[in-house]
Amino acid sequence: MKLNYSIEPDPEKTSKSIGKELHISRKHAHEICSTIKGMKVDDARELLEDVSVLKQAVPYKRYKRNIPHRKGMCTGRYPQKAARDFLRVLKNAENNARYKGLDSDNLRISHITTKTGHTFRGIFPRAQGRTTPKNHETVSVEMILEAQ
């Protein structure tokens, strides 16, 4: 499946990375995107590493029904699996910037978004010949880093 970027940035000042059809929750992916957008790469990496070891929660702004408050912040959760996949995409974008010759200390996440990927259909067998759908959704993440 061909997946294009949403925007076309200046190639001399930016580096791009994309994670295709990651097996993570789209709601967790949306909240992580809204949290790390505009951050410096070092701060975003530190946040994602802390989330993956349950040290810091991701604040939830949109999908926050029945989610408790966390210490020192608003409602939030610890999406470990999604944070690990975002960390892989971030490291890939940072390595792309290093390969292009951009200064990795002055990079900032200028654009990050999620798209729904392929849905893998499945069934869960029940008694007396019935079935229940058991679908696995995927998410694609695109990230653009910009040198300041």
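The chain in this predicted model carries 3 helices and 7 strands. Walk along the sequence and you pass them in the pattern β-α-α-β-β-α-β-β-β-β.

Now for the sheet. Three of these strands form an open sheet with the order 1-7-4, paired antiparallel. Strand 1 (14-22) and strand 4 (107-120) sit at the edges, each pairing on one side only. Neighbouring strands in this sheet are turned by 10° against each other on average, ignoring direction. Helix 3, residues 80-100, packs on the sheet and touches strand 1, strand 4 and strand 7. If you compare directions, helix 3 makes about 150° with strand 1.

Zoom in on the pairing of strand 4 with strand 7, which covers residues 136-147: the two run antiparallel and are joined over 11 bridges. To pick out one of the links, look for Thr116, whose bridge partner in strand 7 is Val139.

Stepping back to the whole chain, the C-alpha trace spans about 65 × 40 × 25 Å along its principal axes. There are 148 residues, and 36% of them count as buried. As for contacts, take those between residues at least 6 apart in sequence: 68% of them join residues at least 24 apart.

Last, the outside and the charges. The accessible surface comes to about 9200 Å², with 47% of it belonging to carbon and sulfur atoms. On the charge side, you'll find 29 positive and 17 negative side chains, and the centres of the two sets lie 12 Å apart.

Definitions and conventions
Residues are numbered from 1 along each chain as its sequence is written. This is a predicted model: local features need pLDDT of at least 70, side-chain atom pairs count only at pLDDT 80 or more; totals for chains, interfaces and linings use all residues. Side-chain values use heavy atoms; hydrogens and water are left out. Helices (H or I, at least four residues) and strands (E, at least two) are DSSP runs, numbered from the N terminus. Buried means under 20% relative accessible area, exposed over 50%, partly exposed in between (1.4 Å probe, protein chains only). Contact means heavy atoms within 4.5 Å. Accessible areas come from the Shrake-Rupley method with a 1.4 Å probe; for residues, only the protein chains shown count as cover. Lys and Arg count as positive and Asp and Glu as negative; His and the chain ends are not counted. The place of a charge is taken as NZ of Lys, CZ of Arg, CG of Asp or CD of Glu. Two strands pair if DSSP finds at least two bridges between them. Axes are lines fitted to C-alpha atoms, for helices over the stretch in contact, and angles run from 0 to 180 degrees between N-to-C directions.
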